[in-house]
There are 2 protein chains.
Amino acid sequence: MSVRRPSVAPHARELRNPALVFAALGDKTRLDLVARLCAGGPLSIARLTDGADVTRQAITKHLNILAGAGLVRDIRVGRERLWEVETRQIEEARRCLDRICSQWDDALGRLKLAVEGEEH
Amino acid sequence: MSVRRPSVAPHARELRNPALVFAALGDKTRLDLVARLCAGGPLSIARLTDGADVTRQAITKHLNILAGAGLVRDIRVGRERLWEVETRQIEEARRCLDRICSQWDDALGRLKLAVEGEEH
DNA sequence: GTGAAATGCAACCGTATGGTTGCTCATGGC
DNA sequence: GCCATGAGCAACCATACGGTTGCATTTCAC
């Protein structure tokens, strides 16, 4: 199998898949999980389950989705599995929104120029 | 250092439903739409459709979802329906991520203090 | 007024998603 | 060694989601 690595630079600090990250954040339960992990540091699945109103299995699935988006990371400790947040990815998401907004600002600027140019 | 104030800021314009907004952004097609609207100003459905690889109907559905999250707004002009981005909502989303990250920073701070307290 | 363009509406379809239950496996405490 | 706890695995289920097609409606342009 061809190990074709993406042409994108490995260390590029951009989200490789913004939609994936936003989709992961786009669920109330998962957003709660992220918030709890941010507020309280590493927590086990069991800990995360009580306090949530769904099954442990559901929590596990959500954590896997968050992990798939690079938003959380797990650490195995004994029979427990602790999860902690990956802040860098969240910051990347934030920056992604920044970029979009600034595009809009640019567009406004261009529009202004164009309008002024037409007034003669 | 964070002064302990009522957990929710009084007049802060917060997202009433962050998950909804993130979910709306959590789809490649929709993210593209938002980006295009940000970069190019108001566009009609027809305009948005060519350039996308799905049907006009699909685009319409996506736009409605974005509108439901408050991310875009439509203006009817003649037989056309122009869509433009609602930057405030995007900024709110960005701020939401900020808040989450800062929680984490606070937690790190507390953790540091606690560890230092234990070293005796 | 006729035709083409820009949308709207509704039904339909396959699949992903969020959730559950039931069972097994590993680990730590006593 | 025993047993409770923490977690994994797999099957299953209802519904939401992304997408399509077909047809009706409004509006502009000539």
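In this short talk I will go through the protein sheets and helices of one model, and then the surface that the protein offers to DNA strand C. Please keep in mind throughout that this is a predicted model.

Let me begin with chain A. Here three strands make an open sheet, in the order β1-β3-β2, and their pairing is antiparallel. The edges of this sheet are β1, residues 43–44, and β2, residues 72–77, each of which pairs on one side only. As general background, the strands of a sheet pair through backbone hydrogen bonds, and they may do so in a parallel or an antiparallel way. In chain A, β1(A) is joined by two bridges to β3, which covers residues 80–85, and the two run antiparallel. If you would like a residue pair to look for on the screen, Leu43(A) stands opposite Trp83(A), which belongs to β3(A).

Two helices pack on this sheet, and I will take them in turn. Helix α2(A) touches β1, β2 and β3 of chain A, and its direction makes about 90° with that of β3(A). Helix α4(A), for its part, touches β2 and β3 of chain A, with a direction that makes about 45° with that of β3(A).

How do α2(A) and α4(A) pack, and at what angle? Their axes are 10 Å apart, and the angle between the two helices is about 75°, which means that α2(A) is roughly perpendicular to α4(A). On the α2(A) side of this contact we find Thr29(A), Arg30(A), Leu33(A) and Val34(A), and these meet Ile59(A), His62(A), Leu63(A), Ile65(A) and Leu66(A) of α4(A). Sorted by character, the residues of this contact are six nonpolar, two polar and one charged.

Turning now to chain B, we again find an open sheet of three strands in the order β1-β3-β2, with antiparallel pairing. Its edge strands are β1, residues 43–44, and β2, residues 72–77, each pairing on one side only. Between β2(B) and β3(B), which run antiparallel, there are six bridges, and within this part of the sheet Asp74(B) stands opposite Trp83(B) of β3(B). Helix α2 of chain B, residues 28–40, lies across β1, β2 and β3 of that chain and runs at about 90° to β3(B), while α4(B) lies across β2 and β3 of chain B at about 45° to β3(B).

With both chains described, I come to DNA strand C. Which residues come nearest to this strand? There are 21 residues around DNA strand C, and those that come nearest are Thr55(A), Lys61(A), His62(A), Gln57(B) and Arg81(B). You may recall His62(A) from the contact between α2(A) and α4(A).

Three polar approaches from chain B deserve a careful look. The side chain of Gln57(B) has an N or O atom 2.6 Å from a base nitrogen of DNA strand C, and a polar side-chain atom of Arg79(B) lies 3.1 Å from a base nitrogen of the strand. Arg81(B), by contrast, places a polar side-chain atom 2.3 Å from a phosphate oxygen. The elements that give two or more residues to this surface are α2 and α4 of chain A, together with α3, α4 and β3 of chain B, and α4(A) gives the most, with five residues.

Finally, the surface near DNA strand C comprises five nonpolar, seven polar and nine charged residues. Of the strand's own atoms within 4 Å of the protein, 54% belong to sugar or phosphate, and the rest belong to bases.

Methods. Residues numbered from 1 in each chain as written. Chains lettered and ligands numbered in written order. Predicted model: local features only at pLDDT ≥ 70, side-chain atom pairs only at ≥ 80, totals over all residues. Heavy atoms only, no water. Near = heavy atom within 4 Å. Polar contact = N/O pair within 3.5 Å; in protein donor to acceptor, adjacent residues only side chain to side chain. Helix = DSSP H or I, 4+ residues; strand = E, 2+ residues; numbered from the N terminus. Nonpolar A, V, L, I, M, F, W, Y, C, P; charged D, E, K, R; others polar. Pairing = 2+ DSSP bridges. Contact = heavy atoms within 4.5 Å. Axes fitted to C-alpha atoms, helices over the stretch in contact; angles between N-to-C directions. Parallel < 35°, antiparallel > 145°, perpendicular 65-115°, else oblique.
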